[in-house]
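Biologist: I am new to this model and would like a close look at one part of it, the surroundings of the ligand, followed by how that part fits into the rest of the chain. Please go slowly and explain your terms.

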Amino acid sequence: LQKYQPYRTAFHFQPIKNWMNDPNGPLFYKGYYHLFYQYNPYGAVWGNIVWGHAVSTDLIHWIYLPAVLIPDQWYDIKGIWSGSATFLSKDNPVLLYTGWSNASTQVQNMAVAANASDPLLRSWSKILENPILVATAGMNSSNFRDPTTGWISLDGLWRILIGSKIDKNGTGLALLYKSHDFVNWELDHPLHSVANTGMWECPDFYPVLINEKKGLDTSANGPLVKHVLKASLDDKKHDYYAVGTYDSNANIFIPENKMIDVGIGLRYDYGKYYASKTFYDDNKQRRILWGWVNESDNVAADIAKGWSSVQGLPRKVWVDDSNPHGIKQWPIEEIDDLRHAKHSKKNLYLKQGSIFKLQAKRATQLDIEVIFDLPSHEQQELVVNNGMAQIEAQISCTKVGAFEKGVYGPFGLYVLATDDLQERTSIFFYLEHSSKGWRTLVCSDQSRSTLLPDVDKTVYGSFVPITKGEDFLSLRVIVDHSIIETFAQGGKVCITSRAYPIRVNDDSAHLYLFNHGNQTIQVQSIVVWEMSNVVFDSY
Ligand code: DQQ
């Protein structure tokens, strides 16, 4: 391992070393949050996958525990792939996972807590009936994986989803299975499918309350409830979701808007964020989302530094009507406990071309909240964020980031910046004029984030829905060495990015506000907190 590790994070979850990918089976049990994750014990690249394990009482301070599931049976000898946790009863958590078998097929297996009185759930037993679910005639056993958390439907039977693809036309789908005992499963029907979306990995399906931040247990349904269906698109490596209605009598899911269905509509995150999974946190009655954030450097760099990937900060998710057909996401409140030194400013005016340096001692670890006046009160176009709009947003952000100056913007923040701005990652708003009014973009521009050549510097971005009555634009940006998580407009749009500056260290990193647009931009307020380091323990 490299001694000098500037890109390791201070408060994001990552193992001590080696490769990590999808979060698996998150749950809360007897006072502890559990995180399992796809892990390679032998290196910093994907392979030899087991379920790594860590526990925490606050979702921030983690204790590393030994892996819980390792390949030792014919049905999972090539790898313990992704899956989920379900409580069959209060003291009876079980895990479902995909095994990569000796014949290279994907089969579903179950493990039960071997000692339910252990709050750390260190030991799990694979059941004798495994594999409990295999691909049947007409299905492709290479596209059959990632079981969800189970829920109980109106008929009293357990239901789960498994991600799949129908080969001929690349239709991605979530297969619905039913069971009376969680061991014997029968195919019900595909819950949902969308043409040309390819393999659906890691499906997730959960209820949300309309206009309430409170979360719900996975089996909940009723008149005030909507459901979110998420799929991770293998072809695009993005997590797409749709909000809709789940009829738990007929067991069908109807998306609110067919134009922005799963795989062709909204994304959890417009940067790097994949194979995510939610769980219901009984402790604080909220639904929490975990997502995998991979590296943007290269394999050789990962091997040299000895690790690859981090998990995004856990996010609370809910729906609200100011975000048509969408959800909102916000870092869990526990993150706020890491804030210490605070610097704030009010009523700044950013003239055309201005760059304003903000005070922050260690600008490699920051939590920033900034509110701008909405610069134009002319009509805002409510963009339908379908695939086309996403391509347009990406193109506009790339152009603006590189050279374009507009009327309103680009304006925003330079993070992880050197004092000569040779290295900087910019998170900005830009208002683009359209025939229907202004369209507001939020972008994360990595093109100058590092002087290193061999890094993916793709610019990310999305349109932001600005609803009537909103007269501000807001950003929360959390910086942690090599990861930047952006939450725009109260969590309506999220962008996660990675940066590997070589001239920025804890003493030399800077933070700036900037405005390159023609019009002056008013900053109503900006608050910058320096963030503490989290020390992880091993058991
Ligand atoms: N990762 C797992 C699979 C899943 C994929 C293997 C998504 O189960 O489909 O590591 O990243």
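Which strands each supply at least two residues of the shell around the ligand?

Modeller: Strand S1 (18-29), strand S5 (79-89) and strand S19 (274-281) each do so, where strands (E, at least two residues) and helices (H or I, at least four residues) are DSSP runs numbered from the N terminus. Before going further, please note that this is a predicted model, in which local features need pLDDT of at least 70 and side-chain atom pairs count only at pLDDT 80 or more, while totals for chains, interfaces and linings use all residues. Residues are numbered from 1 along each chain as its sequence is written, and side-chain values use heavy atoms, with hydrogens and water left out.

The residues around the ligand, meaning those with a heavy atom within 4 Å of it, are Asn21, Asp22, Gln38, Trp46, Trp81, Ser82, Arg145, Asp146, Glu201, Tyr274, Ala275 and Trp292. Three of these can be described through their polar atoms: the side chain of Asn21 has an N or O atom 3.0 Å from an oxygen atom of the ligand, the side chain of Arg145 has one 2.8 Å from a ligand oxygen atom, and a polar side-chain atom of Asp22 lies 2.8 Å from a nitrogen atom of the ligand. On its own the ligand has 310 Å² of accessible area, and the protein covers 94% of that, with areas taken from the Shrake-Rupley method with a 1.4 Å probe.

Ala275, one of the residues around the ligand, is also among the residues that Lys230 touches, together with Ser276, Cys202, Pro203, Asp204 and others, not counting residues up to four places away in sequence; contact here means heavy atoms within 4.5 Å. Lys230 lies in strand S15 (residues 225-233), and its relative accessible area is 0%, so it counts as buried, a word used under 20%, with exposed meaning over 50% and partly exposed in between (1.4 Å probe, protein chains only). The side chain of Lys230 reaches the backbone oxygen of Cys202 at 2.6 Å and makes a polar contact of 2.9 Å with the side chain of Ser232. A polar contact is a pair of N or O atoms within 3.5 Å; within protein, one must be able to donate a hydrogen and the other to accept it, and residues adjacent in sequence count only if both atoms are side-chain atoms.

Turning to the chain as a whole, the protein is divided into domain 1 (20-331) and domain 2 (339-531), with bounds that come from an automatic or database domain assignment. Their centres, taken over C-alpha atoms, are separated by 31 Å, and 32 residues of domain 1 are in contact with 30 residues of domain 2.

The largest nonpolar core, a set of buried Ala, Val, Leu, Ile, Met, Phe, Trp, Tyr and Cys residues joined through side-chain atoms within 4.5 Å, has 61 residues, and those with the most contacts inside it include Ile368, Leu413, Leu513 and Ile526. Both domain 1 and domain 2 give residues to this core, so it lies between them. Leaving aside neighbours within four places in sequence, Ile526 is in contact with Ile368, Leu413 and Leu513, among others. Another core, of 28 residues, lies apart from the largest one and has Tyr39, Phe279, Leu313 and Phe536 among its members.
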